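Student: I have a structure open and would like to learn how to read it. Could you walk me through its features one at a time?

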Amino acid sequence: MNEFESMKARLRLSADDRLLLDEVPMILTPRWFFVGIMKRVMSVAGPEAARRVYYDAGFDGAYSWGRKQIEKGLTGRAIMEQYLGSMTIRGWGRFEIVQFDEERGTGQFRFFHSAVALEWEKAEFETCLWAPGAIAGAIQVILDHRGIDLKARAIEKKCLAQGQPFCEFWAEPSGQARGA
Ligand SMILES: [Zn+2]
């Protein structure tokens, strides 16, 4: 069974109308709905606030997901691979780890067929606002689990929506100790 088929087999609708992937409640939604909200946040709150909102939401989402994988026994790079693989089969686009140092919190990640960029079609800026935070959140949960005192950070350096062949993210810790 491939990963997508296996995910479908683990998806179920509970008696009280919750769509569950294992024990995580999910919402299956058209990408235009997600991007429509994103565009409205951008126009109402401005690009800076929108970037912060989606970065932080991506960070928290990936961190929580990573905690679940730790409970299942994953550690280090396996958490990152599970998370990115899961996002891929959930329709966000296909991630590829170019390099990742789980002790330094650094890395380079490619992202093909970004659902958000494809929905946006064309933009002068990087549109995958959720993804840098998500990568940073996945790195943070790995660092925290290893007891490494760094604050994970990531940025999108280029985007499919800007006419690039794929999106690319770079991760580098802020240099400050977590909580400093
Ligand atoms: Zn992008």
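Student: Let's start with strand 5: is it enclosed or open?
Tutor: To judge that, we look at how many of a strand's residues are buried. In this predicted model, six of the seven residues of strand 5 are buried, so the strand is largely enclosed by the rest of the structure.

Student: Which strands does strand 5 pair with?
Tutor: For pairing, we look at the bridges between strands and at the sense in which they run. Strand 4, residues 94-101, runs antiparallel to strand 5 and is joined to it by seven bridges. Strand 5, residues 106-112, also pairs with strand 7 in the antiparallel sense, over five bridges. You can check each pairing on screen with one residue: Phe100 stands opposite Gly107 in strand 5, and Arg110 has Glu168 in strand 7 as its bridge partner.

Student: What links strand 4 to strand 5?
Tutor: These two strands form a hairpin, with four residues between them. Look at Gly105 in the turn, which has a positive phi of about 75 degrees.

Student: And how many residues of strand 7 are buried?
Tutor: Four of the five residues of strand 7 are buried, and the strand is mostly covered. Strand 7 also pairs with strand 6, again in the antiparallel sense, over four bridges. One pair to find there is Ala154 with its bridge partner Ala171 in strand 7.

Student: Now the metal. Which residues are the protein donors of the zinc ion?
Tutor: A metal site is read from its donor atoms, their distances and their angles. Here the donors are the SG atoms of Cys128, Cys159 and Cys167, together with an OE atom of Glu156, and they lie 2.0 to 2.3 Å from the zinc ion.

Student: Why is the arrangement of the four donor atoms called tetrahedral?
Tutor: The ideal angle for four tetrahedral donors is 109.5 degrees. Around this zinc ion, the four donor atoms subtend angles of 103 to 115 degrees, and therefore the arrangement is tetrahedral.

Student: How are the donor residues spaced in sequence?
Tutor: Their spacing is C-x27-E-x2-C-x7-C. Distant parts of the chain are linked by the pair Cys128 and Cys159, which are 31 residues apart. Cys128 sits in the loop between helix 5 and helix 6, while Cys159 sits in the loop between strand 6 and strand 7.

Student: Are those two cysteines buried or exposed?
Tutor: Here a cut-off helps: a residue is buried when its relative accessible area is under 20%. Cys128 counts as buried because its relative accessibility is 0%. Cys159 is buried too, because its relative accessibility is 0%.

Student: Let's turn to open spaces. How much space lies in the largest pocket?
Tutor: For a pocket, we ask about its volume, then about the residues that line it. The largest pocket holds about 1,000 Å³ of space. Its lining has 35 residues, and Met26, Ile27, Met87, Arg90 and Trp92 lie nearest the centre. Helix 3 supplies the largest share of that lining, eight residues. By class, the lining is made of 26 nonpolar, five polar and four charged residues.

Student: What lines the second largest pocket?
Tutor: This pocket has a volume of about 200 Å³. Among its lining residues are Arg51, Tyr55, Leu129 and Pro132. Two zinc donors, Cys128 and Glu156, also belong to the lining. Strand 6 provides the largest share, three residues. The classes here are six nonpolar, no polar and four charged.

Student: How many cavities of 30 Å³ or more does a search of the whole structure find?
Tutor: Such a search finds one. The volume of the largest cavity is about 40 Å³, and the residues lining it include Arg10, Asp22, Trp65 and Gln82. Helix 3 gives the most to this lining, with three residues. By class, the cavity lining divides into three nonpolar, two polar and five charged residues.

Conventions
Residues are numbered from 1 along each chain as its sequence is written. This is a predicted model: local features need pLDDT of at least 70, side-chain atom pairs count only at pLDDT 80 or more; totals for chains, interfaces and linings use all residues. Side-chain values use heavy atoms; hydrogens and water are left out. On a 1 Å grid over the protein atoms alone, a cavity is a set of points where a 1.4 Å probe fits but cannot get out, and a pocket is an open set with protein on both sides within 12 Å along at least five of seven lines; lining residues have an atom within 4 Å of a point. Grid points are joined across faces, edges and corners, and a volume is the space filled by probe spheres set on the points. Ala, Val, Leu, Ile, Met, Phe, Trp, Tyr, Cys and Pro count as nonpolar, Asp, Glu, Lys and Arg as charged, and the others, Gly among them, as polar. Donors are N, O and S atoms within 2.8 Å of the metal (3.2 Å for Na, K and Ca); water is not among the atoms, so sites may look incomplete. Four donors count as tetrahedral if all angles lie between 85 and 135 degrees; four count as square planar and six as octahedral if opposite donors are over 155 degrees apart and all others between 65 and 115; anything else is irregular. Buried means under 20% relative accessible area, exposed over 50%, partly exposed in between (1.4 Å probe, protein chains only). Two strands pair if DSSP finds at least two bridges between them.
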